[in-house]
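Biologist: Please pick one part of this model and walk me through it closely. I would also like to hear how that part relates to the rest of the chain.

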Amino acid sequence: MEKPFLEIDGLSKVYPSPEGGDPLVVFENVNFDINKGEFVCIIGHSGCGKSTIMNVLAGLDTATHGAVTMDNTEVAGPSLDRGVVFQNYSLLPWLSALKNVTFGVAARYPDWSRKQVLDHSYKYLEMVGLSGGAEHRKPSQLSGGMRQRVSIARAFAIQPKLLLLDEPFGALDALTRGTIQDELIRIWSGSDQTVFMITHDVDEAILLADRILLMTNGPYARVAESVVIDIPRPRERATIIHNDGYYKIRNHLVDFLARRSKDMAGKEDIVPGQRIEPLEVNPAKDGGVISEETPKKTPQLVPVAS
Ligand SMILES: Nc1ncnc2c1ncn2[C@@H]1O[C@H](COP(=O)(O)OP(=O)(O)OP(=O)(O)O)[C@@H](O)[C@H]1O
Ligand SMILES: [Mg+2]
């Protein structure tokens, strides 16, 4: 059987306690796979470890235990195959918006001429509505939403195999958000790109995702469910709510956030050495549950060095 494009295996993140008390186990035994070309969203309460997981996938942070494999290669550092939009849309402050984009494009396509790099970068800046002068401003001279759009243009312009998006539309007004969501879907559907996106917005997740991963609250957070969204594409913001399954899915997600994320939290479910797969569910179908949790043997968790 073909291996999944992205494999997250037995991931945990532990921070030592600053006061010498118990270490903080942010999440433990996080396991999931993402197939090539899939669009996966992840939802969970603040502090459960979503950005940390994304930074580990990006190769910018390391997990305490476990491994991430992309294209059969273990992720061990950043790569131009992975484009990241950070939650705080970090840009290089000394470069203009345009240069923040061309910098990545020139690194990604070293054989391109200056004009090719510029044309390509402008295409993505225009896509996010940032041209006509604003592109020459430094990040400090841009609004939060504008900075977020530069960050989106920069990540999309390097056409990475994997797009990692951390609440990429959080600072945008509803109209701009809708436009850029549509652009994201257009770019993604015309490519074999894989997307992993963090969002707090359940409606956004249902509109965009093939699958939504649900994380329980921390500490000892884990990915508890993988919710399949098989609403046919193209999906329209205005009409998707009329799909038969829409509210079943929405209620399932809202119930998870309001109740189950808390009820399922804690370490008591964790059996050392056992891999706990997220429960696969399709709330739009009768019964809903596709797979029961199937623990698989994995290497024993090693105690954290103190
Ligand atoms: N350097 C650190 N030392 C100790 N704890 C840390 C450190 N960095 C992050 N944490 C903790 O790790 C947890 C997970 O943080 P993370 O930013 O991944 O959460 P998140 O799910 O992205 O939250 P949000 O939805 O608010 O963005 C938090 O409880 C945070 O306090
Ligand atoms: Mg975060």
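Modeller: Let's start at Asn29, which sits in strand S2; strands here are DSSP runs of E with at least two residues, helices are runs of H or I with at least four, and both are numbered from the N terminus. This is a predicted model, in which local features need pLDDT of at least 70 and side-chain atom pairs count only at pLDDT 80 or more, while totals for chains, interfaces and linings use all residues. Residues are numbered from 1 along each chain as its sequence is written, and chains are lettered from A and ligands numbered from 1 in the order in which they are written.

The backbone of Asn29 deserves a look: its phi is near 55°, a positive value in a residue other than glycine. Asn29 is buried, because 27 other C-beta atoms lie within 10 Å; buried means 20 or more such atoms within 10 Å of a residue's own C-beta, exposed means 12 or fewer, and partly exposed is in between, with C-beta atoms placed from the backbone. Asn72 makes a nice counterpart, with a positive phi near 65°. Asn72 lies in the loop between strand S4 (65-70) and strand S5 (73-74), and it is exposed, with 8 other C-beta atoms within 10 Å.

Strand S2 (24-34) also takes us to the ligand, since S2 and helix H1 (50-58) each supply at least two residues of the shell around ligand 1. That shell holds 13 residues, and Tyr15, Ser46, Lys50, Ser51 and Thr52 are the closest; a residue is near the ligand if its C-beta atom, placed from the backbone, lies within 6 Å of it. H1 gives the most, three residues. By class, eight residues of the shell are polar, four nonpolar and one charged, where Ala, Val, Leu, Ile, Met, Phe, Trp, Tyr, Cys and Pro count as nonpolar, Asp, Glu, Lys and Arg as charged, and the others, Gly among them, as polar.

Another element worth your time is helix H3 (residues 114-127), whose 14 residues should span 20 Å at 1.5 Å a residue, and whose end C-alpha atoms are indeed 20 Å apart. The expected span is 1.5 Å times one less than the number of residues. Val117, His120, Ser121, Tyr124, Leu125 and Met127 are buried in H3. Seen down the axis, the buried residues fall within an arc of 160°, so they line one face of H3; the arc is that of the directions from the helix axis to the C-beta atoms. On the other side of H3, Lys115 and Asp119 are exposed. The buried residues of H3 pack against helix H2 (97-108), helix H4 (144-157) and helix H5 (174-189). Just after H3, Gly129 has a positive phi of about 75°.

Two prolines are also worth checking. Gly218 and Pro219 are joined by a cis peptide bond with omega about -5°, and Pro219 lies in the loop between strand S9 (211-215) and strand S10 (223-228). A cis bond also joins Arg233 and Pro234, with omega about -5°.

Stepping back, the protein chain comes to seven helices and 14 strands. Of its 306 residues, 41% count as buried.

Note on methods:
Contact = placed C-beta atoms within 7 Å.
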